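The report below goes through the backbone, the sheets and one helix of a single protein chain. Please keep the sequence and the coordinates open while reading.

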Amino acid sequence: MSTALEIQAELERRGALLEGHFKLSSGRHSNRFVQKFRILEDPTIVEPVARAIADAFRAERPTVVVSAAVGGIVLGYETARALGVKAIFVEKEDGIATLRRNFSLGAADRALIVEDVVTTGASVREVIGVVRDAGAVPIGVGAIVRRGDADFGVRTHVLLDMPIRSWLADECPQCRAGEPIADPGSRRARATPA
Ligand SMILES: [Zn+2]
């Protein structure tokens, strides 16, 4: 599973690509949603996806994989396994992205940043900031799906580019049509939206 078409077909087969009326974590509304845990819950798909990301950066000799909690941890760990390096992750402390748990990162490190689904790219930018603050070099960003056109100023390799439109709530055509909205990223939402 290495081509974008193969990955897209697999995501569709697993119900990871949803169509409907969704509230995104940004608060914007969209007619499509990527339910990333339909991928991350299954090691038999995470393994080849992570290997494809690892292969794209292997020649640049990353010394560590850095991802963002929570979803990025699974993919980062598996990518690190494929590269034979450690996997560490950034998490929020008092609202600030930081390395906790005595994770070590320094000037000798060449960090590969790994993310599952890139939407606005905000969390990837935070990880890059943490890497640079530690004196390490961000060698690139690897992701499964890119929904927008986020640019990180480092080499970026995504397995599936899937631009998805979104709207501010008060400009959403589906809201105007009176269609009920699903909030699939919410902790409260358990049912999979149709
Ligand atoms: Zn709406």
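Arg101 is exposed, because 8 other C-beta atoms lie within 10 Å; the cut-offs are 20 or more for buried, 12 or fewer for exposed, and partly exposed in between, with C-beta atoms placed from the backbone. Arg101 is not a glycine, yet has a positive phi of about 60 degrees. Its place is in the loop between β5 (96–99) and β6. Helices (H or I, at least four residues) and strands (E, at least two) are DSSP runs, numbered from the N terminus. Arg61, in the loop between α3 and β3, also counts as exposed, with 11 C-beta neighbours inside 10 Å. The phi of Arg61 is positive at about 50 degrees, although Arg61 is not a glycine.

This is a predicted model, in which local features need pLDDT of at least 70 and side-chain atom pairs count only at pLDDT 80 or more, while totals for chains, interfaces and linings use all residues. Residues are numbered from 1 along each chain as its sequence is written.

| Residue | Place | Phi |
|---|---|---|
| Arg61 | loop between α3 and β3 | about 50 degrees |
| Arg101 | loop between β5 and β6 | about 60 degrees |
| Gly84 | just after α4 | about 75 degrees |

**Chain and confidence**

The protein chain has 6 helices and 9 strands. Its radius of gyration is 17 Å, close to the 16 Å that the globule rule gives for 194 residues, so the chain is as compact as a globular protein of that length. The radius is taken over C-alpha atoms, and the rule is 2.2 Å times the number of residues to the power 0.38. Along the principal axes, the C-alpha trace spans about 55 × 40 × 30 Å. Buried residues make up 37% of the 194 in the protein chain. Of the contacts with a separation of 6 or more, 62% are accounted for by residues 24 or more positions apart; a contact requires C-beta atoms, placed from the backbone, within 7 Å.

The average pLDDT of the protein chain is 90, and 94% of the residues score at least 70. This score is the predictor's confidence in each residue, from 0 to 100. Over residues 188–194 pLDDT stays under 50, and the model has 10 contacts for them beyond four places in sequence. Where pLDDT is low, the predicted coordinates should not be read in detail.

**Helix α4**

Helix α4 covers residues 71–83, and its 13 residues should span 18 Å at 1.5 Å a residue; the end C-alpha atoms are 19 Å apart, which agrees. The expected span is 1.5 Å times one less than the number of residues. Ahead of the helix, the peptide bond from Ala69 to Val70 is cis, with omega near 5 degrees. Val70 is placed in the loop between β3 and α4.

The buried residues of α4 are Gly72, Val74, Leu75, Gly76, Glu78, Thr79, Ala80 and Leu83. Their cover includes α2 (37–40), α3 (43–57), β3 (64–68), β4 (86–93), β6 (110–118) and β7 (137–146). Within this helix, Gly72 counts as buried because it has 28 C-beta neighbours inside 10 Å. Neighbours within four places in sequence aside, Gly72 contacts Ser67, Phe89, Val114, Glu115 and Asp116. Gly72 and Leu40 are 32 residues apart in sequence, with their C-alpha atoms 9.0 Å apart in space.

**Strand pairing**

Two strands pair if DSSP finds at least two bridges between them. β6 and β7 pair in the parallel sense over 8 bridges, and Val118 stands opposite Arg146 in β7. Together with helix α5 (residues 122–133), β6 and β7 make a right-handed β-α-β unit. Right-handed here denotes that, with the strands pointing away from the viewer, the path from the first strand over the helix to the second runs clockwise. β7 also pairs with strand β8 (residues 156–161), in the parallel sense over 5 bridges; there the bridge partner of Val141 is Thr156. Of the 10 residues of β7, 7 are buried, so β7 is largely enclosed by the rest of the structure.

An open sheet is formed by 3 strands in the order β1-β2-β9, with antiparallel pairing. β1 (17–23) and β9 (166–167) stand at the edges, each with a single partner strand, so one side of each has no neighbour in the sheet. The antiparallel pairing of β1 with β2 (residues 29–34) runs over 5 bridges, and Glu19 stands opposite Arg32 in β2.

Definitions and conventions
Two residues are in contact if their C-beta atoms, placed from the backbone, lie within 7 Å.
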